[in-house]
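Here is a short briefing to read with the model open beside you. Take the topics in any order you like.

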Amino acid sequence: MGPTGTGKTSFINLLSGSNLRIGRELESCTNDVQISQPFEVDGQMISLIDTPGFDDTNLSDTTVLNMIATYLSYSYDQGTHLAGVIYMHRILDNRIGGISARSFRMFRNLCGEASLRSVIITTTMWDKIEESVGEEREQELASKDIFFKPAIEKGARLARYANTVESAQAIIRSIIQQSTPSITLQIQEELSSGLDISETRAGKELAREIFEQMERHREEIRGLLAEIQEATRVRDEESRRELAQERSRLELVIHRLQLDSSNVVRGYRDALAKMEERLRLADSATAAAKLASPHAGAGTAPVGETNTRDNKPIRLSYKPSRRQRTAMPS
């Protein structure tokens with residue numbers, strides 16, 4: 001998990017040999033939850049889960065929350081357990097701005113306090129900064145309350161990803177070698193207990209942030225109205241027209257935020273329905289392929305494939321060939 005442009009998908013592709021789509025600079029290409037090809041580290045089969053950021057350039061925060069919550073809830077109900085969570089932050093950023101701070105708040109509300117011992121806060125882009133500068137920023141991130149210190153005090157660990165296989169594997173090892181073999185995130189517990197997405201801590205945090213965004217935009221509009229009146233008084237038609245266009249743009253943003261806020265629960269249910277349909281189509285395609293090739297061998301099953309031994313669908317996970325399967329969102 002983490003903001004757009006922190007290198008989540010590149011990290012996954014490098015480790016797993018997958019070919020998940022990668023965005024350029026700060027433009028996101030992760031428009032859905034994606035699962036890597038399974039790969040082995042120290043004898044254990046690993047699957048990494050790639051999630052869109054809450055600052056996604058193509059998706060609203062409500063849509064992103066619904067996507068992540070749908071996958072986590074559905075996979076939990078299917079018996080798929082997480083071993084840990086990797087949260088990525090660019091060491092290039094000399095401070096946590098509004099977007100990064102908001103992303104980390106949502107992350108903590110998704111995970112809950114009890115899961116922080118299984119969280120690795122991973123700084124990226126070390127190959128694009130002088131090491132001494134990066135070390136100063138790393139120290140600041142770890143030692144100040146406005147950054148990652150509160151999470152680290154509750155058990156989260158800080159790690160560096162140096163854009164190498166070795167540093168990536170070290171991060172994975174630090175998770176699979178921990179004493180707790182699996183974790184349940186707070187939002188998984190909340191949704192499993194019957195809460196609506198809007199009643200979860202993450203849902204409430206998102207609703208609060210949407211309300212604050214709307215209030216900021218309304219304040220901006222009030223300022224624009226005063227400027228429009230002044231431009232009208234002095235007969236500055238060009239300025240009046242530009243200010244009116246900006247007012248219309250902000251009003252449209254507020255309208256979209258209102259829709260997002262009112263459609264949180266419906267959006268989550270729609271996301272669940274889409275997932276069910278996607279899995280149904282995958283199961284149908286697999287069944288048709290088996291009919292066409294009756295001697296196809298059984299083994300590690302891709303997403304949605306049917307287990308030939310007991311004819312049960314394997315939902316959104318991979319069947320490991322050795323030892324315990326471990327899934328980690330990134």
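The notes below go through a sheet, a helix, the cavities and a few single residues.

This is a predicted model, so please read every value as computed from it. The sheet comes first, built from three strands in the order S4-S5-S6. After that come helix H6, which has twelve residues, and the two cavities of 30 Å³ or more that turn up in a search of the whole structure.

**The sheet**

- The sheet is open, and its strands pair in parallel.
- Strand S4 (85–90) and strand S6 (157–160) sit at the edges, each pairing on one side only.
- On average, neighbouring strands here are turned by 30° against each other, direction ignored.
- As general background, the strands of a sheet pair through backbone hydrogen bonds, either parallel or antiparallel.
- Strand S5 (residues 119–124) is joined to S4 by six bridges, and the two run parallel.
- Two places to look along this pairing are Tyr87, whose bridge partner in S5 is Ile121, and His89, which stands opposite Thr123 in S5.
- On the S6 side, four bridges pair S5 with S6, again in the parallel sense.
- One pair to find there is Thr122 with its bridge partner in S6, Ala159.

**How S5 is enclosed**

- Why is S5 largely enclosed by the rest of the structure? Six of its six residues are buried, so the strand is largely surrounded by the rest of the structure.
- Both faces of S5 are covered. Val119, Ile121 and Thr123 are buried on one side, and Ile120, Thr122 and Thr124 are buried on the other.

**Helix H6**

- Helix H6 covers residues 165–176 and reaches 16 Å from its first C-alpha to its last, close to the 16 Å expected at 1.5 Å a residue.
- Which residues of H6 are buried? They are Ser167, Ala168, Ile171, Ile172, Ile175 and Ile176.

**Cavities**

- In general, rolling a probe the size of a water molecule over the atoms shows where empty space is left.
- The largest cavity holds about 60 Å³ of space.
- Its lining is made up of Met1, Gly2, Thr51, Pro52, Gly53, Phe54, Ile68, Tyr87, Ser103 and Phe107.
- By type, the lining residues of the largest cavity divide into six nonpolar, four polar and no charged.
- Tyr87 appears twice in this briefing: Tyr87 lines the largest cavity, and Tyr87 is also the bridge partner of Ile121 in S5.

**Positive phi outside glycine**

- Asp42 has a phi near 50°, a positive value in a residue other than glycine.
- Asp42 belongs to the loop between strand S2 (39–41) and strand S3 (44–50), and with 42% relative accessibility Asp42 counts as partly exposed.
- Met125 is not a glycine either, yet Met125 has a positive phi of about 70°.
- You will find Met125 in the loop between S5 and helix H4 (131–143).
- Is Met125 buried or exposed? With a relative accessible area of 16%, Met125 is buried, because buried means under 20%.

**Leu225 and Ala244**

- Leu225 has its place in helix H8 (residues 201–233).
- Leu225 is partly exposed, with a relative accessible area of 33%.
- How far apart in space are Leu225 and Ala244? They are 8.3 Å apart, C-alpha to C-alpha, while in sequence they are 19 residues apart.

Terms used
Residues are numbered from 1 along each chain as its sequence is written. This is a predicted model: local features need pLDDT of at least 70, side-chain atom pairs count only at pLDDT 80 or more; totals for chains, interfaces and linings use all residues. Side-chain values use heavy atoms; hydrogens and water are left out. The expected span of a helix is 1.5 Å times one less than its number of residues. Buried means under 20% relative accessible area, exposed over 50%, partly exposed in between (1.4 Å probe, protein chains only). On a 1 Å grid over the protein atoms alone, a cavity is a set of points where a 1.4 Å probe fits but cannot get out, and a pocket is an open set with protein on both sides within 12 Å along at least five of seven lines; lining residues have an atom within 4 Å of a point. Grid points are joined across faces, edges and corners, and a volume is the space filled by probe spheres set on the points. Ala, Val, Leu, Ile, Met, Phe, Trp, Tyr, Cys and Pro count as nonpolar, Asp, Glu, Lys and Arg as charged, and the others, Gly among them, as polar. Two strands pair if DSSP finds at least two bridges between them. Axes are lines fitted to C-alpha atoms, for helices over the stretch in contact, and angles run from 0 to 180 degrees between N-to-C directions.
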